[in-house]
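Me: Please take a close look at a single part of this model and describe how that part packs against its surroundings. A connected account, with the reasoning made explicit, would be most useful.

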Amino acid sequence: MNPQPPASTCYRHPDRSTGLACTRCGRAACPQCLRPAAVGQHCAECVATGRNDVRPTVGTAGRTATARTTPVVTYVLIAINVAVFAVTASQAHSVSDNHLSQLFYDWVLSPRKVAEGQWIRVIGSGFLHYGPLHLVVNMFALYILGRDTELVLGRARFLAVYLTSLLGGSAAVMWLATGTATAGASGAIYGLFGAMTVILLRLRQSPVQMLVLIAINLLISVSLPGISLWGHLGGLLAGTLAAVGILFVPQWLQARTRDSVRWIGWASVGGIAVSALVLIGAGAAVLA
């Protein structure tokens with residue numbers, strides 16, 4: 001009878017005999033050094049190599065996407081809103097009556113003040129909130145919507161859509177709510193509602209749940225006093241059109257390269273933002 005061959009030893013633990021091996025590289029390994037794989041089992045080195053070899057994919061907006069993208073812009077926007085609220089609360093010496101602060105007075109969207117040349121209100125008002133509840137509700141919505149929207153569009157395009165939505169909300173207020181003092185990130189957030197709906201359509205997923213959510217929020221806007229319905233609708237329209245410009249217009253124009261997809265998308269968003277600014281300027285001229 002022939003003697004049995006000596007048992008293999010683990011490549012990481014020479015003192016351990018094993019009959020197992022990595023199905024990728026073939027090295028003998030003990031159970032502690034093997035990881036389950038789709039087919040067989042891989043050693044720790046092959047698992048690490050596989051992670052490093054994962055190639056980025058090109059997303060629907062012509063951007064390079066990775067599975068571990070951190071929504072930095074979303075977190076920064078939340079931080080800015082919270083910081084502005086803290087400043088207004090400090091100036092007013094009150095959390096609930098923070099609208100009495102000087103910064104709130106200088107930034108709240110009053111169309112007639114914009115007509116006098118105070119253009120900072122067009123953007124600044126989108127970072128003000130009437131009390132902590134207003135802030136918390138908007139920041140929660142921004143957190144939920146912002147993460148997924150930023151992941152699909154990329155950081156720069158997401159920020160562009162957000163700011164364009166904010167401008168769209170301000171434009172609607174300048175024309176349709178001239179006697180109000182409007183504040184809040186709601187216009188921009190409604191723009192994200194619209195952008196997410198467009199994203200679902202582009203990914204060929206059902207947008208029904210998002211449409212229902214938009215309808216519920218619009219119903220709340222109509223039912224409760226003191227809510228800027230026109231600011232919400234203006235932001236919703238601008239955000240929707242901006243997302244269409246990024247995700248559908250390049251396809252309609254049969255863009256074939258990544259660069260052409262990007263530039264067409266940027267031109268579309270830029271056109272919507274400029275249109276909103278023109279409307280704001282025209283509204284200011286009418287009120288002047």
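Reply: Helices are taken here as DSSP runs of H or I of at least four residues, numbered from the N terminus. The model is predicted, and in it the protein has twelve helices and six strands. Of its 288 residues, 44% are buried. Among contacts with a separation of 6 or more, 61% join residues 24 or more positions apart. The part chosen for a close look is helix α6, which spans residues 131–153.

Two packed helices are described by the angle between their axes and the distance between the axes. Helix α2, residues 72–92, is one partner of α6: the two axes come within 8 Å and cross at roughly 170 degrees. Angles over 145 degrees count as roughly antiparallel, and α2 and α6 are therefore roughly antiparallel to each other. On the α2 side, the contact is made by Val72, Val73, Thr74, Tyr75, Leu77, Ile78, Asn81, Val82 and Phe85. On the α6 side, Gly131, Pro132, Leu135, Met139, Leu142, Tyr143, Gly146, Arg147 and Glu150 take part. By class, the residues of this contact comprise twelve nonpolar, four polar and two charged.

A further partner is α7, residues 155–176, whose axis comes within 7 Å of that of α6 and crosses it at roughly 130 degrees. This angle falls outside the ranges for roughly parallel, antiparallel and perpendicular, and α6 and α7 are therefore oblique to each other. Their crossing is right-handed. Here Leu142, Gly146, Thr149, Glu150 and Leu153 of α6 meet Arg155, Arg157, Phe158, Val161 and Tyr162 of α7. The residues of this contact divide into five nonpolar, two polar and three charged. Leu142, Gly146 and Glu150 of α6 thus appear in the contact with α2 and also in the contact with α7.

Within the contact of α6 with α2, one residue that merits separate attention is Arg147, which is found in α6. With a relative accessible area of 28%, Arg147 is partly exposed. Apart from neighbours within four places in sequence, Arg147 has Pro71, Thr74, Tyr75 and Leu142 in contact with it. Arg147 and Pro71 are 76 residues apart in sequence, yet their C-alpha atoms are 5.4 Å apart in space.

The aromatic rings give a second view of the packing. A pair of aromatic rings is described by the distance of the centres and the angle of the planes. The structure holds five aromatic pairs. In one of them, the ring centres of Tyr75 and Tyr143 are 6.4 Å apart and the planes stand at 20 degrees, so the pair is stacked. Because Tyr75 lies in α2 and Tyr143 in α6, this pair ties together parts that are 68 residues apart in sequence. Tyr75 is partly exposed, at 38% relative accessible area, and Tyr143 also counts as partly exposed, at 31%.

Another pair offers a point of reference outside α6. The ring centres of Tyr190 and Phe193 are 5.6 Å apart and the planes stand at 70 degrees, so this pair is edge-to-face. Tyr190 and Phe193 both lie in helix α8, residues 186–202, where they are three residues apart, about one turn of the helix. Both Tyr190 and Phe193 are buried, whereas Tyr75 is partly exposed.

Methods: Residues numbered from 1 in each chain as written. Predicted model: local features only at pLDDT ≥ 70, side-chain atom pairs only at ≥ 80, totals over all residues. Heavy atoms only, no water. Axes fitted to C-alpha atoms, helices over the stretch in contact; angles between N-to-C directions. Helix = DSSP H or I, 4+ residues; strand = E, 2+ residues; numbered from the N terminus. Parallel < 35°, antiparallel > 145°, perpendicular 65-115°, else oblique. Left-handed = near helix turned anticlockwise from the far one by under 90°. Contact = heavy atoms within 4.5 Å. Nonpolar A, V, L, I, M, F, W, Y, C, P; charged D, E, K, R; others polar. Phe/Tyr/Trp six-rings, centres within 6.5 Å; stacked < 30°, edge-to-face > 60°. Buried < 20%, exposed > 50% of the residue type's maximum accessible area, 1.4 Å probe, protein only.
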